[in-house]
Amino acid sequence: MKLYCLSGHPTLPCNVLKFKSTTIMLDCGLDTTSVLNFLPLPLVHSPRLSKLPGWISKDGTINLEKRELLDLSTIDVILISNYHCMMALPYITEHTGFTGTVYATEPTLQIGRLLMEEVVNFMERVPKAQSATCWKNKEIQRMLPGPLKDSVDVWTWKRCYSMHEVNSALSKVQLVGYSQKVELFGAVQVSPLSSGYSLGSSNWIIQSHHEKVSYVSGSSLLTTHPQPMDQSSLKNSDVLILTGLTQMPTANPDGMLGEFCSNLAMTIRAGGNVLVPCYSSGVIYDLLECLYQFIESASLGTTPFYFISPVANSSLEFSQIFAEWLCHNKQTKVYLPEPPFPHAELIQTNKLKHYPSIHGDFSSEFRQPCVVFTGHPSLRFGDVVHFMELWGKSSLNTIIFTEPDFSYLDALAPYQPLAMKCVYCPIDTRLNFHQVSKLLKEVQPLHVVCPEQYTQPPLTQSHRSDLMLELQPPPMPYRRCSVLNLPFRRRYERVYILPELANSLVPSEIKPGVSVATVSAVVHSKDNKHTLQSVPKPPPVAPSKKRKRVMDEPPVVLAPKPLLSGAVPLEAFLATLQKHGITEVKVEETADGHILHLQAEDTLIQLEEDGTHIVCDNNEPLRTTLRDLVLRFLQKL
């Protein structure tokens, strides 16, 4: 069993597991941090951005992890744990010869489609006069300004996919539900479990009849809107692959929510606007729910909230219809009936308004001061670029970062000098190191495999030993482009026996409650299932004068030698030897049994627990007699 690591980003994993002749890709996260190397893409021409020094690429590019480690066309299935970990799917399914199946839950598929559609929309609506690719040549790259010249593997950066590629990729997805068991070629069985992180997010169990591998990615034990994490099904794992822990282990999500609300209220009271760069699904549901409870107490009832995204309407509606994927409290609201999320009431009372873009209705209904939720969190594309240009010059305004995927200092770099206030409130509900250590003590896997980053403290906090995994035995770390031989061997395989063959068996009891039977059969293997069938009788051969070739002759089936069981009792065996005239016997006790030295015959008999050996030189009649005497005490099977 081997594990190939294709990603260097622990929260955007892409691993490949080879297990029992199946090749399984675990997630295909897309690292978009490479966009921070580029200037923002404004909707309208920006004189300030165009005057910035530097070298401008006309490509909308994002980073695709290494694919040379193995041939991706050999992958049989792809298992998706959550919608953030499927953003590279079109690159894999459309450009590598992939012919397999992708498995994901329905919310993961639908919200993942929205996120991909949003990115494609952001990229395609900004016209590009020309395309440039020669700069990726190493000789040219080293002449570019930093940090672009220092970027690694820029040749892996790809243009953003199209909606045609997105639709084609998602057509290969097969929907599954929690705890649903899916057979893969009869070799292994996969099953998704609730991970508690986001709508439809999953951990995966990959098991055969005798081995079990658990894949834990992007999980949460906090009480938020998704179904709680299923921990019990992770028990008795031979190997647990752990990834997708929190990127902010020192930031408490509840504390960050409180800080978010207080900074928002202070800005609005001072007459400023609040900009929240965010994804169109996920944390925004919790932010809106928090604000719903906070608005009245903070006297913000007249402040407009705007959610601007090409998929804003779909995202808000999807969150209300996936009731079976929500936590119990939100599920019960559906049967009242009430909408599970309070943002439905905010929309009905016109406190929250959503728009596909800043054009059209928004431009006529827009009023300040206000709160705007929009993308992209990198501040490199999307409607957020327009608001940064619009509000960045005023110190009354505030930008609040809630997504932990990007460095907020790097995100703000092209907009400097910036007068607006900046607040960093990263909200990451995934497992922290304390929670995951407690979880592993409960489920007790035999081996843990995790990214190398989790086995050592962060570089900026090298004294914090609590910000790493300390387990016994130590976890097996992996890094990008590494290949691990997972530390357990398959020892058993399940074999079925046909009823007619089973009826022909004659069991012999070798000890109370234990019976054994010998069997001669043909093993028939198909789709990784093995069946014992009766040995076919050779058909009668008509007499022929032609000489047969050796290969035409049916295989000779020999009768099996009888198996022996039991033990040779020392005293009874000595008495039997004496009856047959062998009296001079010297007995020596050993760790495994006894050695009998027949002095007159110059012969040794080794009586051991698992075998008997007769050492007799040049006296075949004596050896045969002694063998027959030993067989009297043993049972033939």
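Buried means under 20% relative accessible area, exposed over 50%, and partly exposed in between. Keep those cut-offs in mind as we walk through this predicted model, starting with its charged pairs.

The structure holds 10 salt bridges, and three of them make a good tour. Let's begin with aspartate 383, which forms a salt bridge with arginine 125, the closest N and O atoms being 3.0 Å apart. Aspartate 383 sits in the loop between β17 (371-374) and α12 (384-391), while arginine 125 belongs to the loop between α3 (106-124) and α4 (138-141), so the pair ties together parts that are 258 residues apart in sequence. How do the two partners fare in terms of burial? Aspartate 383 has a relative accessible area of 0% and is therefore buried. Arginine 125, at 25%, is partly exposed, because its value falls between the 20% and 50% cut-offs.

Now turn to lysine 20. This residue forms a salt bridge with glutamate 493, with the closest N and O atoms 3.2 Å apart. Lysine 20 is found in the loop between β2 (15-19) and β3 (22-26), and glutamate 493 in the loop between β22 (483-485) and β23 (495-497), so this bridge ties together parts that are 473 residues apart in sequence. Here, too, a buried residue is paired with a partly exposed one: lysine 20 has 10% relative accessibility and counts as buried, whereas glutamate 493, at 30%, counts as partly exposed.

The third pair joins arginine 627 and aspartate 628, whose side chains meet in a salt bridge at 3.1 Å, N to O. Arginine 627 is partly exposed, with 36% relative accessibility, and aspartate 628 is partly exposed as well, at 35%.

Let's go back to α3, the helix that comes before the loop of arginine 125, and look at how it packs. The axes of α3 and helix α5 (residues 163-170) come within 10 Å and cross at roughly 165 degrees. Angles over 145 degrees count as roughly antiparallel, so α3 and α5 are roughly antiparallel to each other. The crossing in which α3 passes α5 is right-handed.

Which residues make this contact? From α3 come Leu109, Arg113, Met116, Glu117, Val120 and Glu124, and they meet Met163, Val166, Asn167 and Leu170 of α5. Sorted by class, the contact of α3 with α5 has 6 nonpolar, 1 polar and 3 charged residues.

Key
Residues are numbered from 1 along each chain as its sequence is written. This is a predicted model: local features need pLDDT of at least 70, side-chain atom pairs count only at pLDDT 80 or more; totals for chains, interfaces and linings use all residues. Side-chain values use heavy atoms; hydrogens and water are left out. A salt bridge is a side-chain nitrogen of Lys or Arg within 4 Å of a carboxyl oxygen of Asp or Glu. Helices (H or I, at least four residues) and strands (E, at least two) are DSSP runs, numbered from the N terminus. Buried means under 20% relative accessible area, exposed over 50%, partly exposed in between (1.4 Å probe, protein chains only). Axes are lines fitted to C-alpha atoms, for helices over the stretch in contact, and angles run from 0 to 180 degrees between N-to-C directions. Angles under 35 degrees count as roughly parallel, over 145 as roughly antiparallel, 65 to 115 as roughly perpendicular and the rest as oblique. A crossing is left-handed if the near helix is turned anticlockwise from the far one by less than a right angle, and right-handed if clockwise. Contact means heavy atoms within 4.5 Å. Ala, Val, Leu, Ile, Met, Phe, Trp, Tyr, Cys and Pro count as nonpolar, Asp, Glu, Lys and Arg as charged, and the others, Gly among them, as polar.
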